[in-house]
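The following exchange asks how the descriptive terms applied to a structure follow from its computed values. Each reply sets a value against its criterion.

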Amino acid sequence: MIKTQIIKSKDLKKDDIKQLIYQTIQAGQTVVFPTETVYGIGGDALNPFAVKQIYQAKGRPSDNPLIIHIAKKTDVFLYAKHVSSYAKLLMRVFWPGPLTLIFDKKEHVPKETTGGLVTVAIRYPDHLVAKQVIKIAQKPIAAPSANLSGKPSSTQFKHVFDDLNGRVQLMIDGGDSMIGIESTVVDVTKPIPVILRPGFITKEMMESILGVKVVDHSSDKIDGPVKSPGMKYTHYKPKGEVKILKGSSENMLIYIQNEQNKLQKQAIICSNESASTFNSFYVKSIGSMYHLDQIAKNLFSALREMDEMGIDLIYVEFFPEAHLGHAIMNRLLKASGYQVIPV
Ligand code: TXA
Ligand code: MG
């Protein structure tokens with residue numbers, strides 16, 4: 001068990017706190033920090049020892065590669081062998097921001113960081129504290145989401161504390177994540193961009209900038225070799241079983257009433273618009289159907305709240321899959337083990 005020290009983000013101005021962060025990263029230890037998407041567990045991306053500490057803190061399989069976080073665009077050339085012209089355009093428009101790009105890696109990027117792959121994931125986050133940490137550390141920062149492997153990502157400091165207290169050296173409390181789901185991951189090593197994980201930057205947004213089709217492989221079946229190792233592992237799972245119900249809220253209600261089992265504690269996660277249909281149940285409404293960014297922001301905390309309440313069976317409303325809805329449903333499908341019930 002490590003003695004975890006907690007820092008408030010406003011204290012990053014203080015010289016002794018800066019020194020603490022610098023020394024922790026330089027010593028190959030771990031620092032949890034907020035980003036605009038979700039919290040991350042950071043360590044020196046070029047130090048295999050530090051990378052091992054990150055995998056250990058999360059309990060993550062070591063073949064699932066990490067994203068290198070940088071604090072200025074041109075740092076991409078330090079780690080990527082080749083940056084295509086369309087990749088440069090994506091960087092110009094969407095960086096800093098919730099977009100991770102996959103490049104062929106330069107030799108010196110450790111294989112521990114890339115999970116043994118010859119490619120490397122790079123992101124320039126759009127969050128003051130994240131940028132400060134990378135600058136103070138004077139290192140590129142490898143950072144997966146700051147949750148125990150398999151659990152929903154952390155979007156509030158409380159989530160980080162619950163999962164990682166005693167497993168990391170430092171934690172920076174920077175309040176709630178603005179976006180709430182992880183960055184879009186795009187492979188830019190090919191002639192056309194390929195989405196490996198949908199996120200806040202959508203296919204449509206990238207296509208409108210690039211003027212070409214963007215391919216989406218994020219829902220590909222995972223029988224053969226996987227394109228992104230993260231695709232093959234369990235993700236975002238609360239303790240209770242998650243079932244997605246696809247249909248009107250009235251039909252959802254009928255289904256839930258018919259299936260009701262006195263021995264199970266049940267709850268419903270849904271949009272504000274549907275909430276009143278489920279009056280007699282424990283309902284968690286997470287935002288308007290017409291503002292999917294609200295749903296994205298509150299989704300992981302709602303799943304975690306279900307664990308706190310000891311819920312055994314979590315019904316979730318199916319959200320339309322266009323635009324940001326695609327990323328939301330990607331997370332929910334994984335959380336449910338792909339259980340979608342038409343009602
Ligand atoms: O928003 C985010 O991306 C957050 C914050 C902390 O920046 N980070 C995050 O990291 O979500 P993580 O490790 O939880 O997810 C990274 C995903 C994984 O699915 C991983 O398999 C994939 O990116 N990935 C990383 N390197 C890759 C590579 N070289 N090729 C393909 N996929 C890669
Ligand atoms: Mg993750």
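Two strands pair if DSSP finds at least two bridges between them. The model discussed here is predicted.

Q: How do you know that β12 and β15 pair?
A: The criterion is at least two bridges. β12 and β15 have five bridges, in the parallel sense, so by the definition they pair. One of the bridges involves L245, whose partner in β15 is E317.

Q: How do you know that β12 and β16 pair as well, and in which sense?
A: Three bridges join β12 to β16, and the two strands run parallel. The threshold is at least two bridges, so β12 and β16 count as paired. L245 takes part here too, with I341 as its bridge partner in β16.

Q: What makes β13 and β15 a pair?
A: Four bridges link β13 (residues 266–270) with β15 (residues 313–317), again in the parallel sense. Since at least two are needed, the criterion is met. Within this pairing, Q266 has L313 of β15 as its bridge partner.

Q: Why are β14 and β16 called edge strands?
A: The open sheet has five strands in the order β14-β13-β15-β12-β16, with parallel pairing. β14 (283–285) and β16 (340–342) each pair on one side only, and they are the edge strands. From one strand to the next, the twist averages 25°.

Q: Which strands does helix α8 touch in packing on the sheet?
A: Helix α8 (residues 249–259) touches β12 (241–246), β13, β15 and β16. The direction of α8 makes about 165° with that of β15. Angles over 145 degrees count as roughly antiparallel, so α8 is roughly antiparallel to β15.

Q: What strands does helix α11 touch, and what is its direction relative to β12?
A: Helix α11 (residues 324–335) packs on the sheet and touches β12, β15 and β16; its direction makes about 130° with that of β12.

Q: Why are α4 and α7 called roughly perpendicular?
A: The axes of α4 (residues 85–94) and α7 (residues 203–210) cross at roughly 115° and come within 10 Å. The range for roughly perpendicular is 65 to 115 degrees, and α4 and α7 are therefore roughly perpendicular to each other. Their crossing is right-handed.

Q: What residues meet between α4 and α7, and how do they divide by class?
A: Y86, L89, L90, V93 and F94 in α4 meet M205, M206, I209 and L210 in α7. The contact has nine nonpolar, no polar and no charged residues.

Q: Why is α1 described as roughly perpendicular to α5?
A: The axes of α1 (residues 15–26) and α5 (residues 128–137) come within 8 Å and cross at roughly 70°. This value lies in the range of 65 to 115 degrees, which makes α1 roughly perpendicular to α5. The crossing of α1 and α5 is right-handed. K18, I21, Y22, I25 and Q26 in α1 meet V133, I136 and A137 in α5, a contact of six nonpolar residues, one polar and one charged.

Q: Why is α6 called oblique to α10?
A: The axes of α6 (residues 157–164) and α10 cross at roughly 50° and come within 11 Å. Angles under 35 degrees count as roughly parallel and 65 to 115 as roughly perpendicular; the crossing angle falls in neither range, which makes α6 oblique to α10. This crossing is left-handed. K158, H159, D162 and D163 in α6 meet S301, R304 and E308 in α10. By class, the contact of α6 with α10 has no nonpolar, two polar and five charged residues.

Q: What makes Y236 and F300 a stacked aromatic pair?
A: The structure holds three aromatic pairs. In the pair of Y236 and F300, the centres are 5.2 Å apart and the planes differ by 20°. Centres within 6.5 Å define a pair, and planes under 30 degrees apart count as stacked, so both conditions hold for Y236 and F300. Y236 lies in the loop between β11 (215–216) and β12, and F300 in helix α10 (residues 292–308), 64 residues apart.

Q: How do you know that the peptide bond between W95 and P96 is cis?
A: Omega for this bond is about -5°, and the bond joining W95 and P96 is cis. P96 lies in the loop between α4 and β5 (99–104). Most peptide bonds are trans.

Note on methods. Residues are numbered from 1 along each chain as its sequence is written. Chains are lettered from A and ligands numbered from 1 in the order in which they are written. This is a predicted model: local features need pLDDT of at least 70, side-chain atom pairs count only at pLDDT 80 or more; totals for chains, interfaces and linings use all residues. Side-chain values use heavy atoms; hydrogens and water are left out. Axes are lines fitted to C-alpha atoms, for helices over the stretch in contact, and angles run from 0 to 180 degrees between N-to-C directions. Contact means heavy atoms within 4.5 Å. A crossing is left-handed if the near helix is turned anticlockwise from the far one by less than a right angle, and right-handed if clockwise. Ala, Val, Leu, Ile, Met, Phe, Trp, Tyr, Cys and Pro count as nonpolar, Asp, Glu, Lys and Arg as charged, and the others, Gly among them, as polar. Rings of Phe, Tyr and Trp (its six-membered ring) pair if their centres lie within 6.5 Å; planes under 30 degrees apart count as stacked, over 60 as edge-to-face and the rest as tilted.
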